[in-house]
Amino acid sequence: LKKISSYGRIPSVSDDTANNSSTPMLKRNVSFGNMQIREYKVELSDHPGCSYGPPVQLSWDYQQQTVVPLDHYEESRPPRRQGR
């Protein structure tokens, strides 16, 4: 996952122009490039706090899938599930 960020000029506390209206506004920008998707198996666990049914957990083993550009993933992913 590639993350790029850039910030404009951040005035210091001792900067005399910090309270002046001519101080430039902060520019914040974050972008994401590629993403990796991993699929983990679900397995039985030994968690003592499970009060109903067998306790389950994610396995340490996973299937590595190819690297996908974020834009391509967003265009081709299934619709989001609706909450209850």
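Which backbone nitrogen does the side chain of Ser 45 reach at 3.5 Å? It's the one of His 47. That's a small detail in a predicted model, and we'll come back to Ser 45 after a look at the overall layout.

**The chain as a whole**

The protein chain has 84 residues, and buried ones make up 7% of them. Its secondary structure comes to 4 strands and 1 helix. Reading from the N terminus, the order is β-β-β-β-α, with the helix at the end of the run. About 8300 Å² of the chain is exposed, and 52% of that area comes from carbon and sulfur atoms. As for contacts, take those in the chain with a separation of 6 or more: 46% of them link residues 24 or more positions apart.

**Two serines**

Back to Ser 45, then. You'll find Ser 45 in the loop between β3 and β4. Is this loop residue buried or exposed? Ser 45 is buried, at 18% relative accessibility, given that the cut-off for buried is under 20%. Its contacts, leaving aside neighbours within four places in sequence, are Pro 55, Val 56 and Gln 57.

Ser 59 makes a nice companion case. Ser 59 sits in strand β4, which covers residues 56–69. With a relative accessibility of 8%, Ser 59 counts as buried. A polar atom of the Ser 59 side chain lies 3.0 Å from the backbone nitrogen of Asp 61. Not counting residues up to four places away in sequence, Ser 59 touches Tyr 40, Lys 41 and Glu 43.

**A nonpolar patch and a tyrosine pair**

Now for the surface. Which residues make the nonpolar surface patch of about 630 Å²? Tyr 40, Val 42, Leu 44, Val 56, Leu 58 and Tyr 62 do. The elements that give two or more residues to this patch are β3 (34–44) and β4. One of the patch members, Leu 58, lies in strand β4. Leu 58 counts as exposed because its relative accessibility is 55%, and the threshold for that label is over 50%.

Two other patch members, Tyr 40 and Tyr 62, turn up again when you look at the rings. The count of aromatic pairs comes to 1. Tyr 40 and Tyr 62 form that pair, with 5.5 Å centre to centre and 50 degrees between the planes, so the geometry is classed as tilted. Tyr 40 belongs to strand β3 and Tyr 62 to strand β4, so the pair ties together parts that are 22 residues apart in sequence.

**One salt bridge**

Side chains of opposite charge can pair when their charged atoms come close. How many salt bridges does the structure hold? There is 1. The side chains of Glu 74 and Arg 77 meet in it, at 3.2 Å from N to O.

Here are the accessibilities of the residues in the salt bridge and the aromatic pair:

| Residue | Relative accessibility | Class |
|---|---|---|
| Glu 74 | 40% | partly exposed |
| Arg 77 | 24% | partly exposed |
| Tyr 40 | 36% | partly exposed |
| Tyr 62 | 38% | partly exposed |

**Pulling it together**

Strands β3 and β4 are a handy place to start browsing. Both give two or more residues to the nonpolar patch, and the tilted tyrosine pair has Tyr 40 in β3 and Tyr 62 in β4. Ser 59, buried at 8%, touches residues including Tyr 40. In the loop between β3 and β4 there is Ser 45, whose side chain reaches the backbone nitrogen of His 47. For a charged pair, go to Glu 74 and Arg 77 and their salt bridge.

Notes: Residues are numbered from 1 along each chain as its sequence is written. This is a predicted model: local features need pLDDT of at least 70, side-chain atom pairs count only at pLDDT 80 or more; totals for chains, interfaces and linings use all residues. Side-chain values use heavy atoms; hydrogens and water are left out. A salt bridge is a side-chain nitrogen of Lys or Arg within 4 Å of a carboxyl oxygen of Asp or Glu. Buried means under 20% relative accessible area, exposed over 50%, partly exposed in between (1.4 Å probe, protein chains only). Contact means heavy atoms within 4.5 Å. Accessible areas come from the Shrake-Rupley method with a 1.4 Å probe; for residues, only the protein chains shown count as cover. A polar contact is a pair of N or O atoms within 3.5 Å; within protein, one must be able to donate a hydrogen and the other to accept it, and residues adjacent in sequence count only if both atoms are side-chain atoms. Patches are made of residues with over 30% relative accessible area and no salt bridge: like charges are joined within 9 Å, nonpolar side chains (Val, Leu, Ile, Met, Phe, Trp, Tyr) within 5 Å. Rings of Phe, Tyr and Trp (its six-membered ring) pair if their centres lie within 6.5 Å; planes under 30 degrees apart count as stacked, over 60 as edge-to-face and the rest as tilted.
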